[in-house]
Amino acid sequence: AVPYEPIRDKFLKDWKVSRPYLRTALREGGLDEFLDSLGEVAKAIGIAKLAQKSGLTRQALYKILYGKGHPQAHSIWQIVEALDLRFDLVEEKKAA
């Protein structure tokens, strides 16, 4: 059996893959799935690198991304901005 993590990490380092991956996780899975996916992307690009760019400690990142608590919105915002992404509110179109 071949471990899938190195293959996953290779693809998630590519923004053409990770951005739609995160968008889909948030849209279809909600906050918990988004945080799980964000953790996978963070691991792929490197926790230390993301900590430096976000201004959060590595320990804080691990707690936010892999802990079972409820992270503050500000902390999630810092991580998203460090990934050069942003949250955007869009109107959901209802079926007629």
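Mentor: Residues are sorted here by relative accessible area: buried means under 20%, exposed means over 50%, and partly exposed lies in between, with a 1.4 Å probe and protein chains only. The model is predicted, which is the reason that local features need pLDDT of at least 70 and side-chain atom pairs count only at pLDDT 80 or more, while totals for chains, interfaces and linings use all residues. Residues are numbered from 1 along each chain as its sequence is written, and side-chain values use heavy atoms, with hydrogens and water left out.

Trainee: Why is Asp84 called exposed?

Mentor: Asp84 has a relative accessibility of 53%, and the class of exposed residues starts over 50%, so Asp84 belongs in it. Lys53, at 49%, is partly exposed, because that value falls between the two cut-offs.

Trainee: What makes Asp84 and Lys53 a salt bridge?

Mentor: A salt bridge requires a side-chain nitrogen of Lys or Arg within 4 Å of a carboxyl oxygen of Asp or Glu. The side chains of Asp84 and Lys53 meet with an N to O distance of 3.0 Å, and the pair therefore satisfies the criterion. This pair links distant parts of the chain, with Asp84 in the segment after H5 and Lys53 in helix H3, 31 residues apart. As a general point, side chains of opposite charge can pair when their charged atoms come close.

Trainee: How many salt bridges does the structure hold?

Mentor: The structure holds 3 salt bridges. One of them joins Asp9 and Arg8 at 3.2 Å, N to O; here Asp9 is buried at 16%, and Arg8 is buried at 14%. Another joins Asp88 and Arg86, whose closest N and O atoms are 3.5 Å apart, with Asp88 exposed at 51% and Arg86 exposed at 63%.

Trainee: What makes a stretch of this chain a helix, and how many helices are there?

Mentor: Helices are DSSP runs of H or I with at least four residues, strands are E runs of at least two, and both are numbered from the N terminus. On that basis the protein chain has 5 helices and 0 strands, giving the pattern α-α-α-α-α along the sequence. The C-alpha atoms fill a box of roughly 45 × 35 × 25 Å along the principal axes, and 30% of the 96 residues count as buried.

Trainee: Which residues have the most contacts inside the largest nonpolar core, and what makes it a core?

Mentor: A nonpolar core is a set of buried Ala, Val, Leu, Ile, Met, Phe, Trp, Tyr and Cys residues joined through side-chain atoms within 4.5 Å. The largest such set has 20 residues, and Leu38, Leu50, Leu61, Leu65 and Ile79 have the most contacts inside it. Two or more residues come from each of helix H2 (15–45), helix H3 (47–54), helix H4 (58–66) and helix H5 (73–82), with H2 giving the most, 7 residues.

Trainee: Which residues does Leu61 contact?

Mentor: Contact means heavy atoms within 4.5 Å. Leaving aside neighbours within four places in sequence, Leu61 is in contact with Ile47, Leu50, Ala51, Ser54, Leu56, Tyr66 and Ile79. By the same kind of list, Ser37, found in helix H2, is in contact with Tyr21, Leu22 and Ala25; Ser37 is also buried, because its 4% is under 20%.

Trainee: What lines the largest pocket, and how is a pocket recognised?

Mentor: On a 1 Å grid over the protein atoms alone, a pocket is an open set of points with protein on both sides within 12 Å along at least five of seven lines, and lining residues have an atom within 4 Å of a point. The largest pocket has a volume of about 480 Å³, a volume being the space filled by probe spheres set on the points. Its lining includes Arg19, Arg23, Arg27, Phe34, Phe87 and Asp88, and H2 gives the most to it, with 6 residues.

Trainee: Why is Phe87 called partly exposed, and which residues does it contact?

Mentor: Phe87 has a relative accessible area of 30%, which lies between 20% and 50%, so partly exposed is the right class. Phe87 is found in the segment after H5 and, beyond neighbours within four places, is in contact with Leu26, Phe34, Ile76, Trp77 and Val80.

Technical notes
1 Å grid on protein atoms, 1.4 Å probe; cavity = no way out; pocket = protein on both sides within 12 Å on 5 of 7 lines; lining within 4 Å.
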